[in-house]
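Dear colleague,

Please find below the structure I agreed to pass on to you. My notes on it follow.

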Number of protein chains: 2
Amino acid sequence: MENTFRLSDNALGMQASEIRELMKLASKPGIIAFGGGSPDGLRFPFAEVADIEKDWSEAKKRAAFQYGATNGYPPLLEHLRKRMEAYGIDMTDQSIITTTGAQQGIYLMAKALINPGDTIIVESPTFIGALASFKSLRANFEWAPLDSDGISIDATETILKRLAKENRLPKFIYTIPNFQNPSGITLSQAKRKALLELAIKYNVPILEDDPYGELYFEGTAADYKSIKSLPGAKDMVIYLNTFSKILSPGMRLGWITGPSKIIGQIEIAKQSVDACTSSYTQVIASDYLEKGYVNGYVDKMREVYHSKCSMMMLALEKYMPKEVSWSKPTGGFFVWITLPKNIGSKALFTAALKRNVAFVTGSPFTEEGKGDGYARIAFSNCSLEDIEKGVKLLGEAMQEVAAGK
Amino acid sequence: MENTFRLSDNALGMQASEIRELMKLASKPGIIAFGGGSPDGLRFPFAEVADIEKDWSEAKKRAAFQYGATNGYPPLLEHLRKRMEAYGIDMTDQSIITTTGAQQGIYLMAKALINPGDTIIVESPTFIGALASFKSLRANFEWAPLDSDGISIDATETILKRLAKENRLPKFIYTIPNFQNPSGITLSQAKRKALLELAIKYNVPILEDDPYGELYFEGTAADYKSIKSLPGAKDMVIYLNTFSKILSPGMRLGWITGPSKIIGQIEIAKQSVDACTSSYTQVIASDYLEKGYVNGYVDKMREVYHSKCSMMMLALEKYMPKEVSWSKPTGGFFVWITLPKNIGSKALFTAALKRNVAFVTGSPFTEEGKGDGYARIAFSNCSLEDIEKGVKLLGEAMQEVAAGK
């Protein structure tokens, strides 16, 4: 029976992501969870969703329980279109499709564009889930480093020039402009413009992944305006977003905004992948936008995450050894830690786990062999008390590792 | 800008499925919808789901709104395991993973096993959604015809023999044993055994897709026992099922049961595709099983679908021209109509649509060029009155087409 199931080349090349395996270790009760990128689990809009469902008409119930169109629940698509326009995105010749989480949005875009061996420009470091999607389609990566104000434009142009010369331009550039996962870094507005100019010059589209954009706690919305909303971006940029951080990740609900032609292709791909996104959670999300509950929740969570991030900054100042540095996010969930040479993040993980603290090691976010000097810590789903306690314990774990195992 | 988005070979090969394009035409209000395979839209367990959510503890709410494990919500997995055992399936060394609908189950299995050019044995005709998944991975098909008691064993063995000789055995055999979509045909218990023996002999696994198995309205559960529950099937059969017909398709919730090793591979594939299935709908489904609501709903729907099918049989007897024949389902949603030579199903579709009746033409369910003599009509989501009226109008449409356009 050994050979009954003969795996595809894709499957043979895919391994369980390190983050998930580590997270299994790190899911024991009582742990301080700096690991997963989960929203605050105590403050979801429980009451608002209960109100929404209580008010459902017979027609809405029927829509929620039945199959829906592959591109999405029409009233939700309409609300999202208005929301995109409110974000300053020109929706002429643009369409929206809802997806089973933004993860599916990433996968479907890649499925529509990637042949095995095709190249994608990604940030270094970048989101593990996107790398997993791209790897499962056997893409190659070109890694563009992040500066403190986002992706290096010079490095990106150097890559594009080389690939153009080799006649193998990338299928797209994947970027997370706001409070990037894992680095917490934000792409400056000036560099957004420069990146778009590069994309236009080389005719290479941008896949703009913006799950955290609304969760800024310094500056104003203008500082985080999407690349998609810039002049000239309309036909160059696919914009991904999700309800995971503005409602609930358990709903598995994201959306893609892009030129109608490519969204049509994504709709076809989605037919073969899961037929349609949950009608049930789409009807909830549609009412959630319609009733304006989203604004109250997002306003509240900006404050919540701001205080958590502030506490983490204080704790890092207090407890980190001098040789450690970290990013200073102005929104989102994550802080990226640069470790001194004598502390590897895998060794640190083991030492931290003994103290009941979990985080994510740097390696899965980067090119192979380049990430062990880094760690991602998330403040989003920890209490203020645990943040201080956890960072203190992390400091102790570092001392143990530095002292030489 | 024309070439900004350069499609993958997969995407270039994928077209909008005919059924969905036709269904767009056929979604005008007031239409008699024999087309889509939708459950009865007026009789979903609305009150039961409302009761379930009303009773949620804080812990359940938090689980419902948060990210979950890729393989599924643990209490739901436990209920499903018990359910599989109650179906007579030996769960030793077997695992379950929940999926975003059974459509995703099909896709993930194929993604784990199929390289471009690999072969799958499928029934002729078979489920359009499965064909779309397989095509999107560039699989080739060998078509095994259906007899009135299910897939032809002789034809399947002939195909296997030939492929073995050519050293290109199929990656799996895809079958829908109960009230098959689109034919309504059920695979006899004797032939299930024979099919499994063939699978063992050639060491080719079976992908058993069983969305309708509980919805029998003649005979007893023993007549519809899954291939997966037969002795010797444990390591040869992957079993797919869904909540779409026993709860709601809007929840997008299916599950796969199979050898733990291959389910582990599917879990890895799912990480890259949508990270996890909706926690929200999984918590609902878990309680729906736990509270036993499923039994009341399934019992009720067996009667509902039975009366609808009976009405359709009466109407077909009454209104179909003599040269037309059709399958006699003992469960499920579908009747498969064999048209006379002078009536093509595309021409019939146009004539029927003028009369406000929709169905699905035969072609998308079969090998190219082989399906136009057939039509699928679904009785599941029409009133008894509309079933009679719709079949009558379909008879008139046939007369118009036969009379020569």
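In which loop of chain A does A:Pro182 lie? A:Pro182 sits in the loop of chain A that runs between β6 (172-175) and α9 (189-202). Please bear in mind throughout that this is a predicted model.

Backbone geometry

The peptide bond leading from A:Asn181 into A:Pro182 is cis, and its omega is near 15°. In chain B, a cis peptide bond likewise links B:Ser124 to B:Pro125, with omega about 5°. B:Pro125 belongs to the loop between β3 (119-124) and α7 (128-136) of chain B. As general background, most peptide bonds are trans, and most residues other than glycine have a negative phi.

Two residues of chain B depart from that pattern in phi. B:Arg138, which is not a glycine, has a positive phi near 65°. The loop that holds B:Arg138 connects α7 and β4 (140-147) of chain B. B:Asn167, also not a glycine, has a positive phi of about 60°, and its place is the loop between α8 (153-165) and β6 (172-175) of chain B.

Are these two residues buried or exposed? B:Arg138 has 15 other C-beta atoms within 10 Å and is therefore partly exposed. B:Asn167 has 6 C-beta neighbours inside 10 Å, so this residue counts as exposed; the cut-off for that class is 12 or fewer.

Strand pairing in chain B

Strand β11 (residues 334-338) of chain B is mostly covered, with 4 of its 5 residues buried. β11(B) pairs with two strands, described here in turn. With strand β10 (residues 325-326) of chain B, the pairing is antiparallel and comprises 2 bridges; B:Thr338 of β11(B) is the bridge partner of B:Ser325. With strand β14 (residues 374-378) of chain B, the pairing is again antiparallel and extends over 5 bridges. There, B:Val335 has B:Ile377 of β14(B) as its bridge partner.

Helix packing in chain B

Helix α4 (residues 58-65) and helix α11 (residues 279-290), both of chain B, pack at an angle of about 135°, and their axes are 6 Å apart. Because of this angle, α4(B) is oblique to α11(B). On the α4(B) side the contact is made by B:Lys60, B:Ala63, B:Ala64 and B:Phe65, and on the α11(B) side by B:Ser279, B:Tyr280 and B:Val283. Sorted by class, the contact between these helices has 5 nonpolar, 1 polar and 1 charged residues.

With kind regards

Note on methods: Residues numbered from 1 in each chain as written. Chains lettered and ligands numbered in written order. Predicted model: local features only at pLDDT ≥ 70, side-chain atom pairs only at ≥ 80, totals over all residues. Buried ≥ 20, exposed ≤ 12 C-beta atoms within 10 Å, placed from the backbone. Pairing = 2+ DSSP bridges. Axes fitted to C-alpha atoms, helices over the stretch in contact; angles between N-to-C directions. Parallel < 35°, antiparallel > 145°, perpendicular 65-115°, else oblique. Contact = placed C-beta atoms within 7 Å. Nonpolar A, V, L, I, M, F, W, Y, C, P; charged D, E, K, R; others polar.
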